[in-house]
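Open the structure in your viewer and keep the sequence panel beside it. We'll go from stop to stop, selecting a piece each time and looking at what is there.

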Amino acid sequence: MTQHIAFFGDSQKAFSFPTRELIEELERKTGHGVGALFRRFRTSEYSLSDVLQVIRLGLVGGGTSPAEADQLVSIYGVGRPLAEIFAVADGVITALFFGSASENPHDGTGQSA
């Protein structure tokens, strides 16, 4: 699974997009295909809504109930510095594309860790 663990709100949280349906919901909510959304993050052309939807739906995919995920985003996503919440969302979408660091058996040098 492409799971990302990050501190959000009041504790470490798991974020993931384990199903096709959840990825399609992300695309529907943001109005962008997942590839375009990833590109928007890389080129700093994302919207606040993009960032919040990646976090909210990533929390749901990581096991947080939809109601709790919505509440966490409302409390800790809105009104915080954008760079702070972007860092969380960027980690989540990067894990969706490349997996998490713990899933990668290579240390970046091409050799197994």
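Select G31 to begin: this residue follows helix 1 and has a positive phi, near 75°. Helices here (H or I, at least four residues) and strands (E, at least two) are DSSP runs, numbered from the N terminus. Before moving on, note that this is a predicted model, where local features need pLDDT of at least 70, side-chain atom pairs count only at pLDDT 80 or more, and totals for chains, interfaces and linings use all residues. Residues are numbered from 1 along each chain as its sequence is written, and side-chain values use heavy atoms, with hydrogens and water left out.

**Helix 1, inside and out**

Now step back into helix 1 and select residues 20-30. Which of its residues are buried? They are L22, L26 and T30, where buried means under 20% relative accessible area, exposed means over 50%, and partly exposed is in between (1.4 Å probe, protein chains only). Look down the axis of helix 1: the buried residues fall within an arc of 65°, so they line one face of the helix. That arc is taken from the directions from the helix axis to the C-beta atoms.

Turn to the face pointing away from the buried side, and you'll find the exposed residues R20, E21 and R28. Then add strand 2, helix 2 and helix 3 to the view, which are among the elements covering the buried residues of helix 1.

**Helix 1 against helix 3**

Keep helix 1 and helix 3 (48-61) on screen. Two packed helices are described by the angle between their axes and the distance between the axes. For helix 1 and helix 3, the angle is about 160° and the axes are 10 Å apart. That makes helix 1 roughly antiparallel to helix 3. Axes are lines fitted to C-alpha atoms, for helices over the stretch in contact, and angles run from 0 to 180 degrees between N-to-C directions. Angles under 35 degrees count as roughly parallel, over 145 as roughly antiparallel, 65 to 115 as roughly perpendicular and the rest as oblique.

The crossing of helix 1 and helix 3 is right-handed, meaning that the near helix is turned clockwise from the far one by less than a right angle (anticlockwise would be left-handed). To see who meets whom, show the side chains: from helix 1 come L22, E25, L26, K29 and T30, and from helix 3 come D50, Q53, V54, R56, L57, V60 and G61. Contact means heavy atoms within 4.5 Å.

**Around helix 2**

Next, pick R40 in helix 2. Is R40 buried or exposed? Buried, with a relative accessible area of 16%. Leaving aside neighbours within four places in sequence, R40 touches H32, E45, Y46, S47 and D50.

Slide along to S44, in the loop between helix 2 (34-42) and helix 3. Most residues other than glycine have a negative phi. S44 has a positive one, near 55°. S44 is also exposed, at 55% relative accessible area.

**The hairpin**

Select strand 1 (3-8) and strand 2 (11-16). These two run antiparallel and are joined by six bridges; strands pair if DSSP finds at least two bridges between them. Look across from I5 and you'll see A14 in strand 2. The two strands form a hairpin with two residues between them, and G9 in the turn has a positive phi of about 80°.

**Helix 4 and helix 5**

Jump to helix 4, residues 66-76, where A69, L72 and V73 are buried. Seen down the axis of helix 4, its buried residues fall within an arc of 95°, so they line one face of the helix. Those buried residues pack against strand 1, strand 2 and helix 3. P66, also in helix 4, is exposed at 54%.

For a last selection, take V88 in helix 5 (residues 82-98), which counts as buried at 9% relative accessibility. How far apart are V88 and I5 in space? From C-alpha to C-alpha they are 9.0 Å apart, with their places 83 residues apart in sequence as the separation. Beyond its neighbours within four places in sequence, V88 is in contact with H4, A6, F7, F8, F15 and I55.

**Zoom out**

Show the whole chain: five helices and two strands, in the pattern β-β-α-α-α-α-α along the sequence.
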